[in-house]
Amino acid sequence: MKKPFNENSTLPEFPRDEVRAAITNGIKQAEEQTNMSQTPVQIKRKSKRKPLLYVASTAAAFSIMVGSAAYVSPTFASTLSQLPIVGSVFSNSGLPGLKQASEQGLTSTIGEKHTINGISVTLDEILYDESNITVGFTIDSEKELSNEYFGAGLDFTINGKYPEASSGSYGEKVLSPTVRTGIATFDVKDNMPDSFEMGLVLEGKGGEKWEFEAPVKKITDIVYVPVNHQQQAEGIQLDVSKISLSPSGIALDYTATEKGTIDNSQIGASFIEFRITDQNGKEITSHSGGGEGHFDNGVWNFSSTKSFDPISVDVQKLTITPYLMLPSGGGGVQIDKDGAETKIPFNKSSQKEVKFQPFTVEVPKQNK
């Protein structure tokens with residue numbers, strides 16, 4: 001994975017200038033009083049700056065901040081203490097898989113920043129594993145932002161093209177009225193390349209558009225465990241092909257089919273989830289995962305990869321229990337070949353419980 005700094009450098013580590021837009025604002029008064037001036041580093045898209053120049057710029061910012069310490073207000077100091085260091089969004093996410101992957105050096109640390117209308121967005125790090133591409137970033141604004149300023153979060157491209165279909169999730173963690181971190185997760189599809197140039201676009205309510213590009217590569221520390229489990233229950237054919245184990249977590253691949261009609265995609269097979277416990281009965285936390293479905297010759301076909309926390313090296317066996325997570329409300333949208341949309345109302349009466357049988361999977365011995 002790319003390393004933003006020379007690992008053999010003896011320069012002291014310090015939070016990088018990319019995520020420290022608040023430094024410029026906080027010490028502005030001090031610079032005016034001491035007649036100091038500094039030309040801000042302009043970061044261009046696809047910038048290929050050398051690491052030593054990068055470090056030197058950070059060191060300059062450090063010197064100014066120390067020299068101006070007497071002028072920094074307590075409010076600014078509090079805000080500064082909450083600004084994450086580049087490469088720390090995953091570590092501080094509270095998600096064991098992201099934390100472990102980051103600490104083991106499996107993520108790509110980026111540190112690229114763009115500022116528009118006083119809002120700085122820093123692309124922090126990226127993890128590409130068997131089930132997801134996860135992106136962490138930092139937002140630092142001169143003014144307080146509304147809770148949903150960035151809408152549904154990031155969109156992404158693969159080698160300059162939008163994927164035909166994608167699903168995922170997005171969430172933010174507010175550190176202060178002007179500082180927050182965000183994590184976007186994109187579900188991996190079967191036809192995804194192992195490495196590619198990833199484009200990322202984040203749009204704000206003010207019409208801003210932050211754009212980034214970064215190379216990503218799937219991690220190699222993955223153990224594939226064939227499962228090939230099949231069962232039928234209440235007209236649902238379930239096939240769990242494999243699970244994958246890595247420092248970032250468990251990925252479970254499955255397909256499910258069920259007869260139905262084209263105007264009813266809310267059938268049982270579309271709501272399948274899994275519960276996983278180890279040999280001691282300890283449940284492995286699930287993070288669900290998006291999926292896709294299509295209708296063909298009277299049959300709905302669904303497929304997905306579900307994500308779970310990583311397991312410890314002493315886990316020897318996993319018990320996997322499929323079940324339906326039936327919704328209490330909602331609906332859907334059907335899109336025909338011409339792009340016309342038809343709303344599908346939610347029909348609770350069509351939902352019914354289905355009893356699946358649990359099954360076990362032996363875990364290969366892992367290196368401690």
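I will start with what covers helix 5: strand 2 (119-128), strand 3 (132-141) and strand 6 (179-187) are among the elements lying over its buried residues. Keep in mind throughout that this is a predicted model.

Which residues of helix 5 are buried? Helix 5 spans residues 96-103, and the buried ones are G97, L98, A101 and S102. These residues cover an arc of only 125° around the axis, so they sit on the same side of helix 5. Just past the end of helix 5 comes G105, whose phi is positive, about 75°.

Next, strands 4, 7 and 8. Strand 4, residues 155-158, pairs with strand 7, residues 195-203, in the antiparallel sense, and four bridges connect the two. Within that pairing, D155 faces V201 of strand 7. Strand 7 also pairs with strand 8, residues 209-217; this pairing is antiparallel too, with nine bridges. Here F196 is opposite V216 of strand 8. Strands 7 and 8 make a hairpin, and five residues lie between them. In the turn, G207 has a positive phi of about 90°.

Let me stay with V216 for a moment, which belongs to strand 8. Is V216 buried or exposed? Its relative accessible area is 4%, and the limit for buried is under 20%, so V216 counts as buried. Leaving aside residues up to four places away in sequence, V216 touches I126, Y128, D194, S195, F196 and M198. One of these, Y128, is 88 residues from V216 along the chain, yet the C-alpha atoms of the two are 6.9 Å apart.

Now the five-stranded sheet. What is the order of its strands? It reads 9-10-11-15-14; the sheet is open and the pairing is antiparallel. Strand 9 (223-233) and strand 14 (291-296) are at the edges with a single partner strand each, so each has one side without a neighbour in the sheet. On average, neighbouring strands here are turned by 15° against each other, direction ignored. As a reminder, strands of a sheet pair through backbone hydrogen bonds, in a parallel or an antiparallel way. At the strand 9 edge, the partner is strand 10, residues 236-246; the two run antiparallel and are joined by nine bridges. Q230 is found opposite D239 of strand 10.

Last topic, the aromatic rings. How many aromatic pairs does the structure hold? There are eight. I will take one of them, Y254 with F274, which is edge-to-face: the centres are 5.1 Å apart and the planes make an angle of 65°. This pair links distant parts of the chain, since Y254 is in strand 11 (residues 249-259) and F274 in strand 12 (residues 272-278), with the two residues 20 apart. Y254 is buried, at a relative accessible area of 6%. F274 is buried as well, at 2%.

Elsewhere, Y149, F150 and W210 make up one aromatic cluster. There is also a charge over a ring: the charged end of R275 sits over Y323, 4.6 Å from the centre of that ring.

To recap, the buried residues of helix 5 lie on one side of the helix, V216 of strand 8 is buried, strands 9 and 14 are the edges of the five-stranded sheet, and Y254 and F274 form an edge-to-face pair.

Notes:
Residues numbered from 1 in each chain as written. Predicted model: local features only at pLDDT ≥ 70, side-chain atom pairs only at ≥ 80, totals over all residues. Heavy atoms only, no water. Pairing = 2+ DSSP bridges. Axes fitted to C-alpha atoms, helices over the stretch in contact; angles between N-to-C directions. Buried < 20%, exposed > 50% of the residue type's maximum accessible area, 1.4 Å probe, protein only. Contact = heavy atoms within 4.5 Å. Arc of directions from axis to C-beta. Phe/Tyr/Trp six-rings, centres within 6.5 Å; stacked < 30°, edge-to-face > 60°. Lys NZ or Arg CZ within 6 Å of the ring centre and 35° of its normal.
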